[in-house]
Amino acid sequence: MSTLPMDSPLSSGEYFTMGLFLTAEGILGVLCCGVVLMSFLGNNNKMSPSRSSLVISLALADMGIAIICPFAASASFTESWPFGETGCQTYAFFGMTFGIASVTNLAALTVDIYHETQGHPAKSSSLLVMAIWVNALFWGVAPLNPIRWGRYTVEPFGTGCLLDFESRDIMYLAYLLVMVVVCFVIPVGAMIYCAINVKTCMVMTLSLLLYWGVYGIVAVAAGVGSASNVPIRLFALAPVVAKLAPIGNTILVHWTNQQTSTIGKATNQEGKKTK
């Protein structure tokens, strides 16, 4: 398993702090996603079927992110990765798959809200949800044997696993470039387009950039330059910030539900006045 040179190793206090944050994020994330799933699977909501499907899909992706938090937290407390090569590959696969599913689900939900506020609500999102998970599984599986397009390894700070940003292999760089474009640039671009006209979409776009922006910076910096030049604390910060997504997205779902309900009522009242 390859390792990356570190310009300055984290202190024991920093590892312990990471462990505390990841533990809290795991517990709160599972609770938050559980509440969303119970609410929407129980049909205790007033959203359209299309929106409900996207929210449930987002909650499942975020639940996956929260469930793997204890592994990273345990590694942080021990200041090393204790689960071996198989554990590293498994953790990285689930982290990549659920992470991409969360990003693309949030983007799809933003677009759905945009169309609804423009008076063109979607009737169904079943095929879109299926495409989101197929896409996420593809990018998650690709670095594993026997495909090996991309590569998973222990991250530079030593307590998590994801892509091997040190690799200069042309096929790996191709994987990184296409994955970033398909799973981050295009979804964020669609969200920015929606955010230009709808305030709710702007908040969702900024939230996604908050969760995943650090990983985006790390991926671009490592791909264009060298991973050894990326500050070790920036590497360590990326997974901690990203794992806020389950908590933040739960708040977003509740807030957007209130916002779009208000917009819907206002639209109906305007329609009645027109008549």
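**Packing of helix pairs H1–H8 and H2–H5**

In the predicted model, helices H1 and H8 run roughly parallel to each other, because the angle between them falls under the 35 degrees that bounds this class. Helix H1 spans residues 12–41 and helix H8 residues 232–242; the two pack at an angle of about 15 degrees, and their axes lie 10 Å apart. The crossing of H1 past H8 is left-handed. On the H1 side, the contact is formed by Glu14, Met18, Phe21, Leu22 and Glu25, while H8 contributes Arg233, Ala236 and Val240. Classified by residue type, the contact of H1 with H8 comprises five nonpolar and three charged residues, with no polar residue. Glu14, Glu25 and Arg233 account for the charged class.

A second helix pair is formed by H2, residues 49–67, and H5, residues 126–141. The axes of H2 and H5 come within 9 Å and cross at roughly 20 degrees, an angle under 35 degrees, and the two helices are therefore roughly parallel to each other. The crossing of H2 and H5 is right-handed. Helix H2 takes part in the contact through Ser53, Leu54, Ser57, Leu60 and Ala61, and helix H5 through Leu128, Val129, Ile132 and Trp133. The contact of H2 with H5 contains seven nonpolar and two polar residues, and no charged residue. The polar class is represented by Ser53 and Ser57 of H2.

Methods: Residues numbered from 1 in each chain as written. Predicted model: local features only at pLDDT ≥ 70, side-chain atom pairs only at ≥ 80, totals over all residues. Heavy atoms only, no water. Axes fitted to C-alpha atoms, helices over the stretch in contact; angles between N-to-C directions. Helix = DSSP H or I, 4+ residues; strand = E, 2+ residues; numbered from the N terminus. Parallel < 35°, antiparallel > 145°, perpendicular 65-115°, else oblique. Left-handed = near helix turned anticlockwise from the far one by under 90°. Contact = heavy atoms within 4.5 Å.
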